[in-house]
Amino acid sequence: MNRILSILLAVVVSGATVLAQQRPPAISSPDVHKDHSITFRFFSRNAKKVTVSGEFLKAPVAMTKDTSGIWSVTVPPVTPDIYPYSFMVDSVSIADPSNTYIFANERFKRSIVDVPGDQPLVHSLQNVPHGKISYRYYKSGTLGTARQLLVYTPPGFNPNGKTKYPVLYLIHGGSDTEETWTKVGRANLIADNLIAQGKAKPMVIVMPYGNVRPAPMADFTKDMVNDIVPFVEANYPVIKESKGRAVAGFSVGGGQTLNIGLTNPSTFAYVCSYAPYTATDEFKANFSNWSPDSNKLNSQLKLFTISVGTDDFLYEPVKQNIAMFTEKKINVKPFIVPGGHTWMNCKLYLANTLPQLFR
């Protein structure tokens, strides 16, 4: 009997040893230090080369492996903000498996690192009253399916109260999702902070899923006007006039914003386009031979702004579009800042926009 117990014990110990050898060690990544430098770690005994790439780096940085198979590198201090990053393991790009903060995107597999400022940034979680994010489903008659959107309601929101709120319809970029504006863009926290400071009006923010594939891209304009707006106005105490509606979006969503807002000025009085991508059939159909009644359109639009960074790969076409709208005598308000086609700039654009809405 003792021999059998000894054999069983040996098998258990051997199995535990094998499991321990197979299980990766518990590692912390990323670690943000007080001086705003960041340490990244990744475990792999078999990888030949591991690098980290991020929008805070000019080029990928090589990581070094220790004897236990943990690759690591500490990058110099970076400007406080929220940044996407990823690892290149040999020839495969992956998100950081030790980080649960994932970039909401359908194409890029990236993680997020939050580098806090010495003073709270506009997107930081601060000790102020907070709104609520709700996941809602609506029936799209345009697309013939049920679809998801996110709705931010401001602090103190009472769905049965007498207050009627204005609405911002906020559209993500081309391969992003309806969650990107909250998980990466922190739209809800930006709104919380600016409302608490008295800089922005309390508002409802609706973040729909802008990708309608395999349907034509132009169908999202119909979905917005015919399905999303009616759903919101049937379910929330909101202003049902153009003066209470704004539309904004980034990249492909910025192009969608121009298509939606400028072809429906009786619906949206505020049109805010962030680094718009406009090389689409819908934009060409709407604006190639556009002859607007500028006086009427300017009277309908309380705010029309286009934002872009000087290092954005869309900077030149965006400047051309601004020039086109100006030539058509449309009152467009450019907001041009340093930086590229990034969600760091996106947060800046939104923080600039919110105080201008519904005044």
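## Two strands side by side

Let's start in the middle of things: β15 and β16 run parallel and are joined by 5 bridges. One of the facing pairs puts tyrosine 270 opposite leucine 303 in β16. Keep in mind as you look around that this is a predicted model.

On its other pairing, β15 (residues 270–274) meets β14 (residues 245–250), again in the parallel sense and over 5 bridges. Here tyrosine 270 turns up once more, as the bridge partner of alanine 246. To get from β14 to β15, the chain passes through helix α5 (residues 252–262), and this β-α-β crossover is right-handed. A little further along the pair, valine 247 stands opposite valine 271 in β15.

## The whole sheet

Now zoom out. How many strands form the open sheet, and in what order? There are 8, and they go β10-β11-β13-β12-β14-β15-β16-β17, with mixed pairing. At the edges sit β10 (132–140) and β17 (333–337), each of which pairs on one side only. From one strand to the next, the twist averages 20°.

As background, strands of a sheet pair through backbone hydrogen bonds, either parallel or antiparallel.

## Helices against the sheet

Helix α4 (residues 219–235) packs on the sheet and touches β10, β11 (145–153), β12, β13 (204–208) and β14. Its direction makes about 120° with that of β10.

Another helix to find is α9 (residues 343–353), which lies across β12, β14, β15, β16 (303–309) and β17. Helix α9 runs at about 140° to β17.

## A strand covered on both faces

Back to β15 for a moment. Is this strand mostly covered or mostly open? Mostly covered: 5 of its 5 residues are buried.

In a regular strand, side chains alternate between the two faces of the sheet. In β15, Tyr270, Cys272 and Tyr274 are on one side, while Val271 and Ser273 are on the other. Both faces are covered, and the residues on each are all buried.

## A serine in a loop

Next, have a look at serine 175, in the loop between β12 (167–171) and α2 (180–183). Which residues does serine 175 touch, leaving aside its neighbours within four places in sequence? They are Asn105, Glu106, Arg107, Phe108 and Asn211. With asparagine 105, the side chain of serine 175 makes a polar contact of 3.0 Å.

## Some backbone oddities

Most residues other than glycine have a negative phi, and most peptide bonds are trans. A few spots in this model go the other way.

Take the cis peptide bonds. One joins serine 29 and proline 30, with omega at about -5°; proline 30 lies in the loop between α1 (2–22) and β1 (31–32). Another runs from arginine 213 to proline 214, with omega near 5°, and proline 214 has its place in the loop between β13 and α4.

Then there are positive phi values in residues other than glycine. Histidine 36 has a phi near 75° and is found in the loop between β1 and β2 (38–43). Lysine 329 has a phi near 65° and lies in the loop between α8 (315–327) and β17. Which of these is buried and which is exposed? Histidine 36 counts as buried because its relative accessible area is 14%, under the 20% cut-off. Lysine 329, at 60% relative accessibility, counts as exposed, since that is over 50%.

Notes:
Residues numbered from 1 in each chain as written. Predicted model: local features only at pLDDT ≥ 70, side-chain atom pairs only at ≥ 80, totals over all residues. Heavy atoms only, no water. Helix = DSSP H or I, 4+ residues; strand = E, 2+ residues; numbered from the N terminus. Polar contact = N/O pair within 3.5 Å; in protein donor to acceptor, adjacent residues only side chain to side chain. Contact = heavy atoms within 4.5 Å. Pairing = 2+ DSSP bridges. Axes fitted to C-alpha atoms, helices over the stretch in contact; angles between N-to-C directions. Buried < 20%, exposed > 50% of the residue type's maximum accessible area, 1.4 Å probe, protein only. Right-handed = clockwise from strand over helix to strand, strands pointing away.
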